[in-house]
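Trainee: Please take one part of this model and look at it closely with me. I should like the place where the ligand sits to be described, followed by what is notable in the chain beyond it.

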Amino acid sequence: MTEPLLSIDSLQVWFPLRHGILNRVRGYVRAVDGVSMDIAAGETVGLVGESGCGKTTLGRAVLGLEKIHSGTVRYNGRDLATFKGAEKLQWRRRCQMIFQDPFASLNPRMTAMELVSEGLAQHGLLKGVSREEAAIELMGEVGLDAESRLRYPHEFSGGQRQRISIARALSLKPEFIVCDEPVSALDVSVQAQVINLLIELRERHRLSYLFISHDLGVVRHIAERVAVMYLGRLVECGGCAEVMEAPKHPYTRALLSAVPRPGRTSGKRELLSGDLPSPTAPPSGCPFHPRCPMARPECAREAPPWRETKGHGVACHLNGG
Ligand SMILES: Nc1ncnc2c1ncn2[C@@H]1O[C@H](COP(=O)(O)OP(=O)(O)OP(=O)(O)O)[C@@H](O)[C@H]1O
Ligand SMILES: [Mg+2]
């Protein structure tokens, strides 16, 4: 087997909770609490789960933007923590992120051309006319007219702004992009166009995506595999079609049953009751047990082990995989 592009092993990212004038640490938000998964070159993995379960934190941690509490992230077999100097710079170029809200992530005082070529400028790549040419080429790649290169973010539509963000991410020729809810803020009609652009770019440049979304339909369209996260942990991971058609974890079933599907008029709906517990004091055993309709006494006592068959993994006492 070839080395995965990205390999996450028992990753924990905890945010300290500070208290009082002495700023003592009185606990931790366990935003990511022991996640392991691989992403192959050219592959897209969807990451789904309720708000606050740790998706963004996981995405940021694999890009080296969050302090790791324990565990490792390997990029092409090398531990990120060991990257230094030129190698670190190189890796920073190769891994990029696209955010949900392009308005917040684009400087309103910069023109489209400046925004698109900012990364090139920061890394001291290309100068003057050739940078302008590169910007025009990048704008073309994402379907923006070169004539609009002197316009400012507010003069573009939401979808076009997201195209600018995508062009920015592409400018440094990345191999891996964390897409954090890239279409959630867009109109449904525009969502499909941006998703199709991401797919097109993936094929053209052999990109890998970690695609964070709460929309399972969108994930199914773009990702080959999907990872389901609950309270900082992965509860299920496998091929999109398999996980969505034959989910093994009660949480995945609940997530899926919240998605309206044409043609489904009856059938059992397992709706989630209660809120996501606090990640500062996660429940004992299986983190989902207080909300699980099938929980048994052992679920509160012991964390279920990860069991995997034919690439479909699950952490549930009731499911042997
Ligand atoms: N910088 C931070 N300091 C303290 N706590 C944080 C920080 N960033 C995130 N958290 C907490 O970590 C947990 C996970 O947050 P995260 O943003 O990763 O969730 P998410 O799955 O991306 O949610 P959403 O779907 O709403 O974007 C939350 O409880 C959040 O409050
Ligand atoms: Mg998020």
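Mentor: In the shell around ligand 1, the greatest contribution comes from α1, with 3 residues. Both α1 (55-62) and β2 (24-39) supply at least two residues of that shell; helices (H or I, at least four residues) and strands (E, at least two) are DSSP runs numbered from the N terminus. The model is a predicted one, in which local features need pLDDT of at least 70 and side-chain atom pairs count only at pLDDT 80 or more, while totals for chains, interfaces and linings use all residues. Residues are numbered from 1 along each chain as its sequence is written, chains are lettered from A and ligands numbered from 1 in the order written, and side-chain values use heavy atoms, without hydrogens and water.

Around ligand 1 there are 13 residues, of which Ser-51, Gly-52, Lys-55, Thr-56 and Thr-57 come nearest; a residue is near if one of its heavy atoms lies within 4 Å. By character, the shell divides into 5 nonpolar, 5 polar and 3 charged residues (Ala, Val, Leu, Ile, Met, Phe, Trp, Tyr, Cys and Pro count as nonpolar, Asp, Glu, Lys and Arg as charged, and the others, Gly among them, as polar).

Oxygen atoms of the ligand take part in several polar contacts, that is, pairs of N or O atoms within 3.5 Å; within protein, one must be able to donate a hydrogen and the other to accept it, and residues adjacent in sequence count only if both atoms are side-chain atoms. A polar backbone atom of Gly-52 lies 2.8 Å from an oxygen atom of ligand 1, and for a backbone N or O atom of Cys-53 the distance to a ligand oxygen is 3.3 Å. Thr-56 contributes through its side chain, with a polar atom 2.8 Å from an oxygen atom of ligand 1. On its own, ligand 1 has 640 Å² of accessible area, and the protein covers 60% of this (Shrake-Rupley method, 1.4 Å probe; for residues, only the protein chains shown count as cover).

Strand β2 returns among the aromatic contacts. There are 5 aromatic pairs, counted when ring centres of Phe, Tyr and Trp (its six-membered ring) lie within 6.5 Å; planes under 30 degrees apart are stacked, over 60 edge-to-face, and the rest tilted. Trp-14 and Tyr-28 have ring centres 5.3 Å apart and planes at 50°, so this pair is tilted. Trp-14 belongs to β1 (residues 6-19) and Tyr-28 to β2, 14 residues apart, and the pair thus links distant parts of the chain. With a relative accessible area of 17%, Trp-14 is buried, whereas Tyr-28, at 34%, is partly exposed; buried means under 20%, exposed over 50%, and partly exposed in between (1.4 Å probe, protein chains only). Phe-83 and Trp-91 are likewise tilted, because their planes meet at 50°, with centres 5.6 Å apart, and both residues are buried. Tyr-230, Tyr-251 and Phe-288 form one aromatic cluster.

Two residues other than glycine have a positive phi. Asn-23, at about 60°, lies in the loop between β1 and β2 and is partly exposed at 44% relative accessibility. Leu-231, at about 50°, occupies the loop between β9 (225-230) and β10 (233-239), yet is buried at 3%.

Finally, Ser-208 in strand β8 (residues 208-212) is buried at 0% relative accessibility, and its side chain reaches the backbone oxygen of Ala-40 at 3.1 Å.
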